[in-house]
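Got the viewer open? Keep the selection tool handy, and let's take a walk through this model stop by stop.

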Amino acid sequence: MPTLSTKGEAARQMVKCSVANASICFRQRLLLPFSAVFSSSPLSMAMAMTSSSIYCRPRFPISPLRRMPRFPKSSSSFTTIASSQTSADAGEGGEFPGRVGFLGLGIMGSPMAINLLKAGCDVTVWNRTKSKCNHLIDLGAKYEPSPAEVASSCDVTFAMLADPESAVDVACGTNGAVKGMGSGKGYVDASTVDGATSKLISKHIRDTGASFLEAPVSGSKKPAEDGQLIFLTAGDASLYEIASPLLDIMGKSRFYLGEVGNGAAMKLVVNMIMGSMMASFSEGLLLSEKVGLDPNVLIEVISQGAISAPMFAVKGPSMVKATYPTAFPLKHQQKDLRLALGLAESVTQPMPVAAAANELYKVAKSYGLSDHDFSAVIEALRAKLQHSE
Ligand SMILES: NC(=O)C1=CN([C@@H]2O[C@H](COP(=O)(O)OP(=O)(O)OC[C@H]3O[C@@H](n4cnc5c(N)ncnc54)[C@H](OP(=O)(O)O)[C@@H]3O)[C@@H](O)[C@H]2O)C=CC1
Ligand SMILES: O=CCCC(=O)O
């Protein structure tokens, strides 16, 4: 059954240890080596999860459980856990008693891995462009020269890659992570990909006897730096539980959504909405200017009403100044719209708004804006406006 968790929530309650006496559970866990509690067999892991001997040691002091969010019956296909603790409160990630691998140190992967290091985790990194590993190595990370070697030397390996192609290549290609996976290990893919890609990677990982969790994130560069991401996970529930202390270092909440593909689908629906919102916001900013209004006042008006959103408040002022410091690259937003349209196609759902937005991002890419922030999509509209004048 899928779950949502919020940071701090009694150390993930860790643990939801189904043991009434949390302190006993805690002590017992401390005595067990990681390998003893992380068998690759889904059955044994599931059994471990329901015993008092599961998981790594909590990173937070055990405290009374907060009331879990309640969802209407219709929402019973998932569960969530959330916490108000910041990553600074998160205790020592070194209490995760295994080695953590991290593949992909881009805008998101780098701060995520840094937070694991800062929390005391034993982290080994790899990135296609090796120089991006240097800062992490300076902070204490180990380095391995291929995804296979990272996976082979770690208990749980995270991946945060650009797109479906790179996610498959890093997992399943020559010297890919699959080559280093095996019984007792876990692979957590946080890249935003489509469900079919995630299932393919999952199959290759699971064929080795290892466990797989897809875990795309909501939240951009700043939430990644602040340990405030939202994880949308699906796959092996046992790995979800084992990896939760690590997810809680990097994020503020986590959803467990069941079968592989559900996390990817949730992420694509969210980003489809976000991409359309940004396109519509761009049109509004330009229209306000065109009719002689101050777009900064429009941003203020929006911020006080029902359609207020952090995204408008954060991105709006820089869009007015026509600056687009990259937090979420435009090429990734267009990729997500494309994948969301594919998802809709698979269930024969028309998506006229998202399709129109996708076209606009494609135009923006053709103007060389791929690596700018996705808010630069306004430039595609600006250009259209100039042509029409
Ligand atoms: N930025 C954001 O706000 C958010 C992004 N996401 C998603 O997270 C993922 C990562 O995003 P982000 O960090 O912004 O992206 P970046 O473009 O900054 O980083 C992409 C990473 O993928 C690696 N990569 C790309 N192609 C290949 C390849 N063929 N083989 C091996 N490695 C490759 C890059 O390596 P190299 O350094 O060598 O280029 C880099 O480590 C994407 O799926 C994105 O959609 C999710 C939430 C928010
Ligand atoms: O995939 C990128 C999402 C960005 C965000 O959630 O702010």
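The tour visits two ligands and then two pairs of packed helices. Bear in mind throughout that this is a predicted model.

**Stop 1: ligand 1**

Select ligand 1 and show what surrounds it: you should get 25 residues, and the closest are Asn127, Thr129, Lys132, Ser220 and Lys335. What does that shell look like by class? It holds 11 nonpolar, nine polar and five charged residues.

Now go through some polar contacts. Click on Lys335 first: a polar atom of its side chain sits 2.7 Å from an oxygen atom of ligand 1. Then pick Arg128, where a side-chain N or O atom is 2.9 Å from an oxygen atom of the ligand. At Thr192, switch the backbone on, as here a polar backbone atom is 3.0 Å from an oxygen atom of ligand 1. How much of ligand 1 does the protein bury? On its own the ligand exposes 890 Å², and the protein buries 88% of that.

Before you leave, colour H7 and helix H14 (330-346): each of them supplies at least two residues of this shell. Keep H7 in mind, as we'll come back to it.

**Stop 2: ligand 2**

Next, select ligand 2. Its surroundings are Ser218, Gly219, Ser220, Lys267, Asn271, Met274 and Phe328. Ser220 should ring a bell, as it was also listed among the closest residues to ligand 1. By class, the shell around ligand 2 has two nonpolar, four polar and one charged residue.

Which helix gives the largest share of this shell? Highlight helix H11 (residues 262-290), which contributes three residues.

For the polar contacts, here is a short list to click through:

- Lys267: a polar side-chain atom is 2.7 Å from an oxygen atom of ligand 2.
- Asn271: a side-chain N or O atom is 2.7 Å from an oxygen atom of ligand 2.
- Gly219: a polar backbone atom is 2.8 Å from an oxygen atom of ligand 2.

Taken alone, ligand 2 has 240 Å² of accessible area, and the protein covers 79% of it.

**Stop 3: H7 and H8**

Hide the ligands and switch to cartoon view. Select helix H7 (residues 164-172) together with helix H8 (residues 195-207): their axes come within 10 Å and cross at roughly 0 degrees. That angle makes H7 roughly parallel to H8.

Now bring up side chains. From H7, show Pro164, Ala167, Val168, Ala171 and Cys172; from H8, show Thr197, Leu200, Ile201 and His204. These residues make the contact, with seven nonpolar, two polar and no charged.

**Stop 4: H15 and H16**

Last, select helix H15 (residues 352-366) and helix H16 (residues 377-388). Are they parallel or perpendicular? Their axes lie 8 Å apart at an angle of about 85 degrees, so H15 and H16 are roughly perpendicular to each other.

To see the contact, show Leu360, Tyr361, Val363 and Ala364 of H15, which meet Val377, Ala380, Leu381 and Lys384 of H16. The contact divides into seven nonpolar residues, no polar ones and one charged.

Key. Residues are numbered from 1 along each chain as its sequence is written. Chains are lettered from A and ligands numbered from 1 in the order in which they are written. This is a predicted model: local features need pLDDT of at least 70, side-chain atom pairs count only at pLDDT 80 or more; totals for chains, interfaces and linings use all residues. Side-chain values use heavy atoms; hydrogens and water are left out. A residue is near a molecule or strand if one of its heavy atoms lies within 4 Å of it. A polar contact is a pair of N or O atoms within 3.5 Å; within protein, one must be able to donate a hydrogen and the other to accept it, and residues adjacent in sequence count only if both atoms are side-chain atoms. Accessible areas come from the Shrake-Rupley method with a 1.4 Å probe; for residues, only the protein chains shown count as cover. Helices (H or I, at least four residues) and strands (E, at least two) are DSSP runs, numbered from the N terminus. Ala, Val, Leu, Ile, Met, Phe, Trp, Tyr, Cys and Pro count as nonpolar, Asp, Glu, Lys and Arg as charged, and the others, Gly among them, as polar. Axes are lines fitted to C-alpha atoms, for helices over the stretch in contact, and angles run from 0 to 180 degrees between N-to-C directions. Angles under 35 degrees count as roughly parallel, over 145 as roughly antiparallel, 65 to 115 as roughly perpendicular and the rest as oblique. Contact means heavy atoms within 4.5 Å.
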